[in-house]
Amino acid sequence: MSDHKFRWGILGPGNIAHKFATGLSVLPDHQLVAVGSRSTDKADAFAKEYGGSAKVYGSYEALVADPDIDAIYVATPHTFHREHSLLCINAGKPVLSEKPFAVNEKQAAEVVAASRAKGVFAMEAMWSRFFPLITELKKVIADGTIGEVRMVQADFGFRAGVNPEGRLFSPALAGGGLLDVGVYTVSFSSLILGEPNQVTGIATIGETGVDEQNGLVLGHASGAISLLSSAVRTNSLHEATITGTDGRIRLSAPFWIPKVMTITAGGKDEVREVPYEGNGYNYQAVEVAKQVKAGKIESDIMPLDETLAILRTMDKARAQWGLKYPCE
């Protein structure tokens, strides 16, 4: 793997996989070499769209058996992340699994345990973590520009049409706002304040049995509070704000594709723009390649223990709502 391009396989050529493949296209030292799907026709069409040179497999098992793949991106629905990540790890293939890493902490812990037992890299594809602006944001906070962080606010809500069979509204597919987009808000809170020691939330459970909108209040050991909301039936601002004792930082919408932040401190507003390349999905691919080449089995930017903690927080919220999926 020393000199050749970092070779990617994609497991599940759905909508999110198209975004990842588009991200790879701006990286000259990365290459999509294989696509696996339960439908050969679907995999073939996907491969042709992104250059046509990728091998096509009509099963996931055949994909992970390919010796010419350096890492696999798991892009299947939530309910299959555990199964397909384990399939990759047990075949010795480093895995980047789409968020949420699994439906719950228990499922994710199985993947983490396998990764560590076999010494195979695994990471949650929380692509927002790897944008240049987030690196800049962490520096601003660490420098004490806004003082001690006391509150984090973030929202991610959109209004989708109800389709009982679709992934957003089907309990069988672990639908609902929290797992689909709320994970971005919980992950953002975790980035800034770590795992909460108190979790309180309410949700509107729709006719299909999933959370159509929800609100979380997280308490942290420092005394700081996170106010988070997410929805699949309600449009929201898509912003995030970090408030400290001496100022605040606002990430402009959409905060999970961060490019512009406004730093308010000392009675002044500073608008800071930090551009990114491609569509942003490329940065997490770079991180995977960097760590795999270094012989690491996880990322310091999106560590496995933090992924478990994020799911633990969401599990606690869903327990309060009585929201349990059939796969659990």
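A cavity here is a set of grid points where a 1.4 Å probe fits but cannot get out. The views below come from a predicted model. By this rule the model holds two cavities of 30 Å³ or more.

**View 1. The largest cavity and its lining.** This cavity encloses about 90 Å³ of space. Its lining includes Met126, Ser128, Arg129 and Ile134. Tyr184, Ser187, Phe188 and Leu191 also line it, as do Leu251, Phe255 and Trp256. Helix 7, residues 177–193, gives the largest share of the lining, with four residues. By class, eight lining residues are nonpolar, two are polar and one is charged.

**View 2. The second largest cavity and its lining.** About 50 Å³ of space lies inside. Val186, Ser189, Ser190, Gly194, Glu195 and Pro196 are among the lining residues. Leu218, Ala309, Ile310 and Thr313 belong to the lining too. Helix 7 and helix 9 (304–321) each supply at least two lining residues. The lining divides into five nonpolar residues, four polar and one charged.

**View 3. Phe188 in the largest nonpolar core.** The core has 104 residues. Trp8, Leu137, Phe188 and Leu251 touch the most other members. Helix 7 gives the largest share of this core, nine residues. Leaving aside neighbours within four places in sequence, Phe188 is in contact with Leu137, Val152, Ala154, Ala240, Ile242, Leu251 and Phe255. Phe188, Leu251 and Phe255 also line the largest cavity.

**View 4. Asn214 and its polar partners in strand 9.** Asn214 sits in strand 9, residues 211–219. Asn214 counts as buried because its relative accessibility is 7%, below the 20% cut-off. Its side chain makes a polar contact of 2.9 Å with the side chain of Asp211. A second side-chain partner is Ser230, at 2.8 Å. Not counting neighbours within four places in sequence, Asn214 is in contact with Gly177, Leu178, Ile202 and Ala203, among others. Leu228, Ser229, Ser230 and Trp321 are also in contact with Asn214.

**View 5. Thr241 in strand 11.** Strand 11 spans residues 240–244. Thr241 is buried, with a relative accessible area of 15%. Beyond residues up to four places away in sequence, Thr241 touches Met151, Val152 and Gln153. Arg248, Ile249 and Arg250 touch Thr241 as well. Ala289 is 48 residues from Thr241 in sequence. In space, the two C-alpha atoms are 31 Å apart.

**View 6. Two cis peptide bonds, each ending at a proline.** A cis bond joins Lys99 to Pro100, with omega about -15 degrees. Pro100 lies in the loop between strand 5 (95–98) and helix 5 (105–118). The bond from Ala253 to Pro254 is also cis, with omega near -10 degrees. Pro254 lies in the loop between strand 12 (247–251) and strand 13 (260–265).

**View 7. Positive phi at Ala174 and His238.** Neither residue is a glycine. Ala174 has phi near 55 degrees. Ala174 falls in the loop between strand 7 (149–157) and helix 7. Ala174 is buried, with a relative accessible area of 0%. His238 has phi of about 70 degrees. The loop that holds His238 runs between strand 10 (225–231) and strand 11.

Conventions. Residues are numbered from 1 along each chain as its sequence is written. This is a predicted model: local features need pLDDT of at least 70, side-chain atom pairs count only at pLDDT 80 or more; totals for chains, interfaces and linings use all residues. Side-chain values use heavy atoms; hydrogens and water are left out. On a 1 Å grid over the protein atoms alone, a cavity is a set of points where a 1.4 Å probe fits but cannot get out, and a pocket is an open set with protein on both sides within 12 Å along at least five of seven lines; lining residues have an atom within 4 Å of a point. Grid points are joined across faces, edges and corners, and a volume is the space filled by probe spheres set on the points. Ala, Val, Leu, Ile, Met, Phe, Trp, Tyr, Cys and Pro count as nonpolar, Asp, Glu, Lys and Arg as charged, and the others, Gly among them, as polar. Buried means under 20% relative accessible area, exposed over 50%, partly exposed in between (1.4 Å probe, protein chains only). A polar contact is a pair of N or O atoms within 3.5 Å; within protein, one must be able to donate a hydrogen and the other to accept it, and residues adjacent in sequence count only if both atoms are side-chain atoms. Contact means heavy atoms within 4.5 Å. A nonpolar core is a set of buried Ala, Val, Leu, Ile, Met, Phe, Trp, Tyr and Cys residues joined through side-chain atoms within 4.5 Å.
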